[in-house]
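Reader: I am new to this structure and would like a friendly tour. Could you take my questions one at a time?

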Amino acid sequence: MPVWEMAGWPQLILLLVAAQRLAELVLARRNTARLLADGAREVGAAHYPLFVALHAGWLALLFVATPADAPVNGWLLALFVALQAGRVWVIATLGRFWTTRIITLPGAPLVQRGPFRWVRHPNYLVVAGELAVLPLVFGEWWIAVLATVLNVPLTLHRIRVEEAALTGRRAITPAGSRAA
């Protein structure tokens, strides 16, 4: 049976998510290169391949494990779309500082606007939601559980590394003045 006959709405949705992630990687690489050229440094590079493997494996597993005729839960799909809005908000708020790696530019202020006003690491909350919700859109609860279980220790480690890298950095308040 040809590949196009094995695909259904789940696979189309997953291909759109994969295209979004690839576009984000292009942006992240561009921002990373620019930051490194400005004197930034990367920390925690050793764990980055584990995140790549988790996210690529999650999407690939969803693509092959989800039947083409699996029902699509519209409410959960709407929740996933809302999570994408959160993702875009984080990326837009960080602007040129957004990357998929931990890149720190000495002297650059911490961002405390947008979602960062309320949550220290909003992107990690969005990602945790995505890893759980998208599989549930197609009824693949076991992939949601597996991805979540694998994501928790990676994210906790990453937050520790990121917090250590950001120690001593000052924040910019929404009005633009420096905070202590």
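What follows is a short conversation about a predicted model.

Reader: How many helices and strands are there in the protein?
Author: Happy to start there, with a predicted model in view. Read along the sequence, the pattern is α-α-β-α-α-β-β-α-α-β-β. Counted by type, the protein has six helices and five strands.

Reader: What does the C-alpha trace span along its principal axes, and what share of the residues is buried?
Author: The C-alpha trace spans about 60 × 30 × 25 Å along its principal axes. A residue is called buried when its relative accessible area is under 20%. Of the 180 residues in the protein, the buried share is 40%.

Reader: How much area does the protein expose, and what part of it do carbon and sulfur atoms supply?
Author: The exposed area of the protein is about 10100 Å². Carbon and sulfur atoms supply a share of that area equal to 71%.

Reader: How far apart do the centres of the positive and negative side chains lie?
Author: The protein carries 16 positive side chains and 9 negative ones. Each set has its own centre, and the distance between the two centres is 15 Å.

Reader: Where is the kink in helix 6?
Author: Helix 6 covers residues 141-166, and its 36 Å reach from first to last C-alpha is close to the 38 Å expected. Within helix 6 there is a kink of about 30 degrees, shortly before the proline Pro153. The residue at the kink is Asn151.

Reader: Which helices are among what covers the buried residues of helix 6?
Author: The buried residues of helix 6 include Ile143, Ala147, Asn151, Leu154 and Arg158. Residues three or four places apart on an α-helix point the same way, because there are 3.6 residues a turn. The cover over the buried residues of helix 6 includes strand 1, strand 2 and strand 3, and also two helices, helix 3 and helix 5.

Reader: Why is helix 5 largely enclosed by the rest of the structure?
Author: The buried residues of helix 5 include Pro122, Val126, Gly129, Leu134 and Val137. Their cover includes helix 2, helix 3, helix 4 and helix 6. Helix 5 is largely enclosed because its buried residues number 12 of the 16.

Reader: At which residue does helix 5 bend?
Author: The end C-alpha atoms of helix 5 are 22 Å apart, which agrees with the span its 16 residues should have. Even so, helix 5 has a bend of about 25 degrees. That bend is at Glu130.

Reader: Is Tyr124 buried or exposed?
Author: Tyr124 has its place in helix 5, and it touches Thr155, Arg158, Ile159 and Glu162 when residues up to four places away in sequence are not counted. Its relative accessibility is 15%, and the cut-off for buried is under 20%. Therefore Tyr124 counts as buried.

Reader: How far apart in space are Tyr124 and Val152?
Author: In sequence, Tyr124 and Val152 are 28 residues apart. From C-alpha to C-alpha, the distance in space is 9.9 Å.

Reader: Which residues does Glu24 touch, not counting residues up to four places away in sequence?
Author: Glu24 lies in helix 2, which covers residues 9-37. With a relative accessible area of 10%, Glu24 is buried. Leaving out residues up to four places away in sequence, Glu24 touches Arg87, Ile91 and Trp98.

Conventions: Residues numbered from 1 in each chain as written. Predicted model: local features only at pLDDT ≥ 70, side-chain atom pairs only at ≥ 80, totals over all residues. Heavy atoms only, no water. Helix = DSSP H or I, 4+ residues; strand = E, 2+ residues; numbered from the N terminus. Buried < 20%, exposed > 50% of the residue type's maximum accessible area, 1.4 Å probe, protein only. Areas by Shrake-Rupley, 256 points an atom, 1.4 Å probe, with all protein chains shown as cover. Lys, Arg positive; Asp, Glu negative; His and termini not counted. Charge placed at Lys NZ, Arg CZ, Asp CG, Glu CD. Expected span 1.5 Å × (residues − 1). Bend = angle between axes of the 7 residues up to and from the residue. Contact = heavy atoms within 4.5 Å.
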